[in-house]
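Okay, everyone, thanks for coming. Let me pull the structure up on the screen, and then we'll walk through it together.

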Amino acid sequence: MAVETTADNLNAQVVAVFPDKVRIVVDKLEDFKIAEESLRVGSYVRIADNENAILIAIIENFQIVALDDGTRNHLIEAFPLGVLRDGKFERGGDSLAIPPKSVEPATIEDIRRIYSDSVTEAENFCFSSLASNPDVPVPVNGNKFFNKHIAIVGSTGSGKSHTLATTIQRAVAEKAGDFTLNNSHVIVFDIHSEYRSAFPSANFIDVSNLTLPYWMLNSEELEEFFLDTEANDHNQRNVFKEAIIQDRKDKFKGPEADRERIHLDSPLVFDIQTVLDTAKRKNEEMIDTGETYASGAKKGQPKTTQGSLFGKLTNFVNRLESKVNDRRLGFFLGERSKTITFEETLETLLSYSAANKSNVTVIDLSGVPFEVLSITVSLISRLIFEYGYIYKRLRCAKDPTEKINNDVPILLVYEEAHKYVPNSGLSKYRSSKTSIERIAKEGRKYGVTLLLSSQRPSEISETIFSQCNNFIAMRLTNPVDQGYVKKLLPDSLGTLIDKMTSFRQGEALLVGESIVLPSIVQIDQCDPAPSSNDIPYWELWKEKWKDMDIAEIKAEWYR
Ligand SMILES: Nc1ncnc2c1ncn2[C@@H]1O[C@H](COP(=O)(O)OP(=O)(O)OP(=O)(O)O)[C@@H](O)[C@H]1O
Ligand SMILES: [Mg+2]
């Protein structure tokens, strides 16, 4: 739908309008500006029609065209962002009546108003400003931002960790009244020990003070963790299952009817040592046949025969034994895990214990051995999801007219999300993937939102990524990742998206349901910073040789 304009005495005219492009010819560029500010790629223009609508478009490229008569004019191509009508801004460029009447550079005031009018004060959540003009704050709708899942993507060093810190610091600081702690709840899975410094008052959990009860694992997680699932061995599975249920029943103190209902998924204590002892016993079991030896050295002694599982559980016993004895798994299988209660576990994870109320829980996973990482993340994520589920049920039971499902909604933050929810079917990721995918699909209803940060978006489970509604796309250089992000981004973004390759640190394309229009922004600096800053190599290298205590490093290594 190309349209030629009729006006011919104007310095600038629109010569073509497409759904994703507006072409403008300018005779004298020196006159096409406002307040002495020269135009550049990324500046805005306003195009008015006869019906009081104003199309706002962002300049994408600029060419000089030599004309036959020896003069030259200037061709500007711009991407339509949306239309201002009666002071209200709507996305998309297709409601402009054609032909357009006039075109001029948009004032900063126009742009500022679009952003500031886009959200009410109560919903305003602001953590960035326009990259092309730091004086224009770019707010998002805070309800829409946290209500749907969020993705931060970008190559290493593009600024993801700092962005994460900025958004959470702001969320924790804003208050609708006069009190010390607001009602924000954020749980950060911190894989590189980066966030303690950014959240000094957070409830900080690492392997030294983390206690996770293995007995809260569900049946799938239990099997994934304790059994050799590849071997598909029915004997080990049956012994394992029966021993757990039996021990739970033995320990259970409630009514008989409830006792009968105990199963593998019941979040009730059992002793893993008892399970191991049972497996050992069955593996060595000799059964009395009731006969005695009639002659020989054993004459008169009872005859025995090997039990049905004799020697068949050796692998299972060895596997279980090595786990139970693994000191590194103490936070999970040790004595504390057997005595910690359900309430304590949830209180710690949600930072709800009387002694330690906090908006942010930082779970430092750097000391968690790789083979239990998936199960750790899975268990914590699932507990939080189930909390949301049960809490909603409780609220609705108390008041059937209740409209807000969860008045204590939670944000779960996964750094390096491709490590827990990869686009791969490998069984070692199965449990974390299952729990997080469930939150991606259903979490919204129960007040549990995901924030995923990743340098390799193409390696994240598509199920999860495609459920994200708000994207902060930082510098992204890998073409495969770029293509993947492009495919998933909701708006038709023209060439805005191609700028991703050349973003500075902290610069991002902000797009999604929570923002009035896709915008290239500079994320505000966080304070304090996470410990992920660039290392000043060159300056450090030029300093005097630094001595290092290798013994101290060893001590930490072996701790
Ligand atoms: N908004 C910002 N403004 C200015 N500088 C920033 C901003 N965000 C990040 N930086 C700088 O960029 C560097 C890298 O930032 P950051 O650690 O957040 O990157 P990252 O994307 O998390 O990298 P990685 O993927 O390796 O974890 C830091 O030195 C930081 O100071
Ligand atoms: Mg980072």
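So, to start us off: does Ile384 count as buried or exposed, and what is its relative accessibility? This is a predicted model, by the way, so keep that in mind as we go. The answer is that Ile384 counts as buried, because its relative accessibility is 0%. You'll find Ile384 in helix α12.

Who are its neighbours? If we skip the residues within four places in sequence, Ile384 is in contact with Ile187, Leu349, Leu350, Ile410, Leu412 and Val448. For a sense of scale, take Phe18: from Ile384 that's 366 residues along the sequence, and 48 Å in space, going C-alpha to C-alpha.

One of those contacts, Leu349, takes us to the next stop. Leu349 belongs to helix α11, residues 342-349, and in that helix Thr345, Leu346 and Leu349 are buried. These three cover an arc of only 90° around the axis, so they're on the same side of α11. And what covers them? The cover includes β11 (186-190), β17 (360-364) and α12 (370-398). Right after α11 ends, have a look at Ser351, which takes a positive phi of about 55°.

Let's zoom out for a second. The domain assignment splits the chain like this: domain 1 is 12-116, domain 2 is 124-174 + 181-211 + 340-531, and domain 3 is 219-324. Between the centres of domain 1 and domain 3, taken over C-alpha atoms, there are 76 Å.

Now some strands. Grab β5, residues 72-85. Of its 14 residues, 12 are buried, so this strand is largely enclosed by the rest of the structure. Which strands does β5 pair with? Well, β2, residues 21-26, pairs with β5 in the antiparallel sense over five bridges, and there you can see Val22 standing opposite Ala78. Then there's β4, residues 53-66, also antiparallel to β5, this time over 13 bridges. In that pairing, Ala57 stands opposite Pro80. And β6, residues 88-91, runs antiparallel to β5 with four bridges joining them; the example to click on is Val83, whose bridge partner in β6 is Glu90.

Handy thing to remember while you're turning it around: in a regular strand the side chains alternate between the two faces of the sheet.

Follow the chain through the turns here. β3, residues 44-48, and β4 run antiparallel, joined by five bridges, with Ile47 partnered by Leu55 in β4. Those two strands make a hairpin with four residues between them, and Asn52 in the turn has a positive phi of about 65°. Next, β4 and β5 make a hairpin with five residues in between, where Gly70 in the turn has a positive phi of about 90°. Then β5 and β6 make a hairpin with two residues between them, and in that turn Asp86 has a positive phi of about 50°.

Last stop: the rings. How many aromatic pairs does the structure hold? There are 21. Let's look at one of them, Phe225 with Phe332, which is edge-to-face, with 5.2 Å from centre to centre and 80° between the planes. Phe225 sits in helix α4 (residues 219-226) and Phe332 in helix α9 (residues 330-333), so this pair ties together parts that are 107 residues apart in sequence. Both partners count as buried, since the cut-off is under 20% relative accessible area: Phe225 has 3%, and Phe332 has 0%.

They have company, too. Phe225, Phe226, Phe240, Phe316, Phe331 and Phe332 form one aromatic cluster. And there's a charge story here: Lys323 lies over the face of Phe225, at 4.6 Å from the ring centre. You can find another example at Phe204, where the charged end of Arg196 sits over the ring, 3.8 Å from its centre.

Okay, that's my tour. If you want one thing to go back to on your own screen, try Ile384 in helix α12, and pick out its contact with Leu349. Thanks, all!

Note on methods
Residues are numbered from 1 along each chain as its sequence is written. Chains are lettered from A and ligands numbered from 1 in the order in which they are written. This is a predicted model: local features need pLDDT of at least 70, side-chain atom pairs count only at pLDDT 80 or more; totals for chains, interfaces and linings use all residues. Side-chain values use heavy atoms; hydrogens and water are left out. Rings of Phe, Tyr and Trp (its six-membered ring) pair if their centres lie within 6.5 Å; planes under 30 degrees apart count as stacked, over 60 as edge-to-face and the rest as tilted. Buried means under 20% relative accessible area, exposed over 50%, partly exposed in between (1.4 Å probe, protein chains only). A charge sits over a ring if NZ of Lys or CZ of Arg is within 6 Å of the ring centre and within 35 degrees of the ring normal. The arc is that of the directions from the helix axis to the C-beta atoms. Contact means heavy atoms within 4.5 Å. Domain bounds come from an automatic or database domain assignment. Two strands pair if DSSP finds at least two bridges between them.
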